[in-house]
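Please open the structure in your viewer and keep the selection tool at hand. The tour below proposes one selection at a time and says what is to be found there.

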Amino acid sequence: MRKSNEDLDKFLKDRPNQRELVDRNILKDPKIAPALQHQAEELKRAKLETALAHKIENRPPASELIDHNILHASHVAPALQSKEAELKRSQLEDVLNHKIQERPTPDALVEKHILEGQVA
């Protein structure tokens with residue numbers, strides 16, 4: 001019996017307060033009369049829907065997002081766009097590595113009179 005009282009005391013001590021339950025949408029707001037709570041929720045939902053509809057109506061076209069580098073111009077399915085970007089990056093790395101390997105040595109540049117003097 002004593003153990004169950006201790007468990008109950010622990011549970012009651014750790015129980016969230018009313019404000020936390022309201023914040024987590026478990027309880028309704030106690031400041032509003034129960035008869036008006038449903039109407040308040042409907043009003044809140046309608047306000048949110050209106051705000052979202054307004055944002056959707058005023059969102060910039062895709063071409064403007066591409067111009068601002070928010071979207072990338074691509075003719076690939078959205079599921080494959082990240083792979084496409086990885087492939088482009090990999091190809092660019094390969095090209096740059098090839099160009100670095102083909103770069104003339106400092107001695108060759110001195111012989112062609114592009115660099116002056118001796119290279120240490």
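Begin by selecting His72, Ala73, Ser74, Gln81, Glu84, Ala85 and Lys88, which together line the second largest pocket of what is, please remember, a predicted model. This pocket has a volume of about 170 Å³, and its lining divides by class into 2 nonpolar, 3 polar and 2 charged residues.

Next, move to helix α5, which covers residues 81-101, and pick out Ser90 within it. Ser90 has a relative accessible area of 32% and is therefore partly exposed, as the value lies between the 20% and 50% cut-offs. If you add Ala62 to the selection, you can see two C-alpha atoms that lie 27 Å apart in space, while the residues themselves are 28 apart in sequence.

Stay in helix α5 and select Arg89 together with Glu93, two residues that are 4 apart, or about one turn of the helix. Their side chains form a salt bridge in which the closest N and O atoms are 3.6 Å apart. Arg89 counts as exposed at 59% relative accessibility, whereas Glu93, at 41%, counts as partly exposed.

Now select helix α3, residues 34-57, whose 24 residues reach 35 Å from the first C-alpha to the last, close to the 34 Å expected at 1.5 Å a residue. This helix is hardly covered, since the count of buried residues in it is 1. Inside α3, show Arg45 and Glu42, whose side chains meet in a salt bridge at 3.4 Å, N to O. Why are these two separated by about one helical turn? The reason is that they are 3 residues apart in helix α3. In general, an α-helix has 3.6 residues a turn, so residues three or four places apart point the same way.

Then select Glu41 and Lys28, which are joined by a salt bridge of 2.7 Å, N to O. This pair links distant parts of the chain, because Glu41 sits in helix α3 and Lys28 in the loop between α2 and α3, 13 residues apart.

Where do these two residues appear again? Look at the largest pocket, which holds about 450 Å³ of space; among its 14 lining residues, the closest to the centre are Asn25, Lys28, Ala40, Glu41 and Lys44. Helix α3 gives the most to this lining, with 6 residues, and by class the lining has 6 nonpolar, 2 polar and 6 charged residues.

Finally, select residues 50-75, one of the stretches that UniProt lists, in an unreviewed entry, as "repeat: RPEL". Over this stretch the chain is 54% helix and 0% strand, and its end C-alpha atoms are 33 Å apart.

Technical notes. Residues numbered from 1 in each chain as written. Predicted model: local features only at pLDDT ≥ 70, side-chain atom pairs only at ≥ 80, totals over all residues. Heavy atoms only, no water. UniProt positions renumbered as here; feature names shortened; annotations may be inferred. 1 Å grid on protein atoms, 1.4 Å probe; cavity = no way out; pocket = protein on both sides within 12 Å on 5 of 7 lines; lining within 4 Å. Points joined across faces, edges and corners; volume = space filled by probe spheres on them. Nonpolar A, V, L, I, M, F, W, Y, C, P; charged D, E, K, R; others polar. Expected span 1.5 Å × (residues − 1). Buried < 20%, exposed > 50% of the residue type's maximum accessible area, 1.4 Å probe, protein only. Salt bridge = Lys/Arg side-chain N within 4 Å of Asp/Glu carboxyl O.
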